[in-house]
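Here is a brief report on one protein chain. Please keep the sequence and the 3D view at hand while reading.

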Amino acid sequence: MFKHFKEMKHYFIASTLVFAVGIWMGYSSPDSFGTIINGQLDRLQGTVGGLMQQDNMQWLLFLFILMNNTFLSIAIIYLGAFFALVPLYFLVSNGMLMGYLALGNTNGQDWWLFFKSIAPHGIIEIPAILLAGAYGIRFGFLMAEGVLTFPSLRRRAIMRNKLYVFLKRTIPLIGVVAGMLLVAAIVESTITLWLVTR
């Protein structure tokens, strides 16, 4: 798995760049992408706001963060089969949200609040999401290659083998991503929550 990460370096770079472009878009032109950003904010605020009212809020918050992030990460890997459109949209839209939130917290104390609400778990969660996004993009490129080589019987056989090897590698990948997201969820529901309520 980790040896294969070296072969995936170009996709990791692509995933990171797409996410960074999303951050820039959300930071520099929030009004242009208000529908996407507000949709994400409303969904998060509605869910998290409801959980914060519960007696066992911390435990429920942990479960929500873990299940939501793990489900989305698995989805963007396999839905990358649709020519990488889903992981690209996911990376851009989440980057936009982060850029928008950074824009709203650009002065003194607000900036520090933004930093401590993102950094503790973000240093684990963001790389996990970028990792899933990279594999989703790779899956999309493989499917595009499969379409282009479909007329050739020999190339179809090669593509089947490529897809088999790729899908086989996604199984331990999911374990790696889920493990990272588990640690991130623990940090977010404990350390991050403690920091932002102080």
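## Helix crossings

H4 and H7 cross in a right-handed sense. Helix H4 covers residues 57–78 and helix H7 covers residues 153–196. Their axes come within 9 Å and cross at roughly 150°. An angle over 145 degrees counts as roughly antiparallel, so H4 is roughly antiparallel to H7. This is a predicted model, and the crossing is read from its coordinates.

A second crossing involves H2 and H5. Helix H2 spans residues 9–28, and helix H5 spans residues 85–103. The two pack at an angle of about 40°, with their axes 6 Å apart. H2 and H5 are therefore oblique to each other. H2 also passes H5 in a right-handed crossing.

## Overall architecture

What secondary structure does the chain contain? It comes to seven helices and zero strands. Read along the sequence, the pattern is α-α-α-α-α-α-α.

The chain has 198 residues, and buried residues make up 37% of them. The C-alpha atoms fill a box of roughly 65 × 35 × 30 Å, taken along the principal axes.

## The loop between H4 and H5

Two residues in this loop deserve a look at their backbone. Phe83 is found in the loop between H4 and H5, and Ala84 lies there too. Phe83 has a positive phi of about 55°, although it is not a glycine. Ala84 is likewise not a glycine, and its phi is positive, near 70°. Most residues other than glycine have a negative phi.

Is Ala84 buried or exposed? Ala84 is buried, because its relative accessible area is 1% and the cut-off for buried is under 20%. Phe83 has 48% relative accessibility, so it counts as partly exposed.

## A nonpolar surface patch

Phe83 also belongs to a patch. Together with Leu85 and Val147, Phe83 forms a nonpolar patch on the surface. The three residues have about 320 Å² of accessible area together.

Leu85 is found in helix H5. Its relative accessible area is 57%, so Leu85 is exposed. The cut-off for exposed is over 50%. Phe83, at 48%, is partly exposed.

## The salt bridge

How many salt bridges does a search of the whole structure find? The search finds one salt bridge. Glu145 forms it with Lys162, and the closest N and O atoms are 2.8 Å apart. Glu145 lies in helix H6 and Lys162 in helix H7, so the pair ties together parts that are 17 residues apart in sequence.

Both partners have intermediate accessibility values. Glu145 is partly exposed, with a relative accessible area of 28%. Lys162 counts as partly exposed at 33% relative accessibility.

## Between H6 and H7, and along H7

Helix H6 covers 108–149, and Ser152 lies in the loop between H6 and H7. Ser152 is partly exposed, because its relative accessible area is 24%. Where does Ser152 sit relative to Gly104? The two residues are 48 residues apart along the chain, and their C-alpha atoms are separated by 54 Å.

Ile186 is found in helix H7. It is partly exposed, with a relative accessible area of 41%. Ile186 and Tyr164 are 22 residues apart in sequence. In space, they are 34 Å apart, C-alpha to C-alpha.

## Points to take away

H7 takes part in several of the features above. H7 crosses H4 at roughly 150°, with a right-handed sense. Lys162 of H7 is paired with Glu145 of H6. Ile186 is found in H7 as well.

H5 brings together two other features. H5 packs against H2 at an angle of about 40°. Leu85 of H5 joins Phe83 and Val147 in the nonpolar patch.

How values were computed. Residues numbered from 1 in each chain as written. Predicted model: local features only at pLDDT ≥ 70, side-chain atom pairs only at ≥ 80, totals over all residues. Heavy atoms only, no water. Patch = residues over 30% accessible without salt bridge, like charges linked within 9 Å, V, L, I, M, F, W, Y side chains within 5 Å. Areas by Shrake-Rupley, 256 points an atom, 1.4 Å probe, with all protein chains shown as cover. Salt bridge = Lys/Arg side-chain N within 4 Å of Asp/Glu carboxyl O. Helix = DSSP H or I, 4+ residues; strand = E, 2+ residues; numbered from the N terminus. Buried < 20%, exposed > 50% of the residue type's maximum accessible area, 1.4 Å probe, protein only. Axes fitted to C-alpha atoms, helices over the stretch in contact; angles between N-to-C directions. Parallel < 35°, antiparallel > 145°, perpendicular 65-115°, else oblique. Left-handed = near helix turned anticlockwise from the far one by under 90°.
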